[in-house]
Structure formats: C-alpha cells, structure tokens
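Please walk me through this structure, from its surface to its core, and explain each term along the way.

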Amino acid sequence: MKTVIAYTHKNRFGVWSIKWNGKHWQIALNNEPFGDFNDAAGAHEDLVRGFGGTAPNGLDPERCALPDDLADWVQIRHS
C-alpha cells in the first residue's frame, strides 16, 4: 500500500494542501505555506476550523468552504 504524502482540495480560492515535507505536515494555499503540524488530521482540523493561521492574501480558512472530512480531499500517494 502506498503512503499518503499529501491531501489537496481545489475551490474558488485556489488549491489548498496538507503536505508531508519530510519533517511536518504543512498547510498551504497555492503552494504558499502558512503552518506546520505533527499529523495530517490535526492540520486538517485546525485548518477547517480557522485555527491554522491566516492563509495568504489574508483569507480566513474557516470561511473558505473547505470539506470538514479529510476523506473528501484528494489523496496524493507516494509512487
């Protein structure tokens, strides 16, 4: 089974991602990181609830209609 290395979600604000950078799970909008976390589930939860920090361009992630369930994000697996 291949390991999940990233989750992505595209909406009208751009491409949101939660990616493993080799050290932490990093949240980003359009490849502009704005937070590091120990696990993907924690990163996702903080992101969708607005606790992950302010996204680039001052966007509040909580108001950006991100899926509440990480399973609804596209999984990127290590090849």
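Val 74 sits in strand β5, which covers residues 74-77; helices (H or I, at least four residues) and strands (E, at least two) are DSSP runs, numbered from the N terminus. Because its relative accessibility is 48%, Val 74 counts as partly exposed, where buried means under 20% relative accessible area, exposed over 50%, and partly exposed in between (1.4 Å probe, protein chains only). This is a predicted model, in which local features need pLDDT of at least 70 and side-chain atom pairs count only at pLDDT 80 or more, while totals for chains, interfaces and linings use all residues. Residues are numbered from 1 along each chain as its sequence is written, and side-chain values use heavy atoms, with hydrogens and water left out.

Turning to the interior, the largest nonpolar core has 19 residues, of which Tyr 7, Trp 16, Ile 18, Leu 47 and Trp 73 touch the most other members; such a core is a set of buried Ala, Val, Leu, Ile, Met, Phe, Trp, Tyr and Cys residues joined through side-chain atoms within 4.5 Å. Two or more residues of this core come from each of β1 (4-11), β2, β3 (25-29), β4 (32-37) and α1 (40-48), and α1 gives the most, with 4 residues. Leaving aside neighbours within four places in sequence, Trp 73 is in contact (heavy atoms within 4.5 Å) with residues including Tyr 7, Trp 16, Ile 18 and Leu 47.

Strand β2 spans residues 14-20 and includes Gly 14, which counts as buried because its relative accessibility is 13%. Beyond its neighbours within four places in sequence, Gly 14 is in contact with His 9, Leu 29 and Asn 30.
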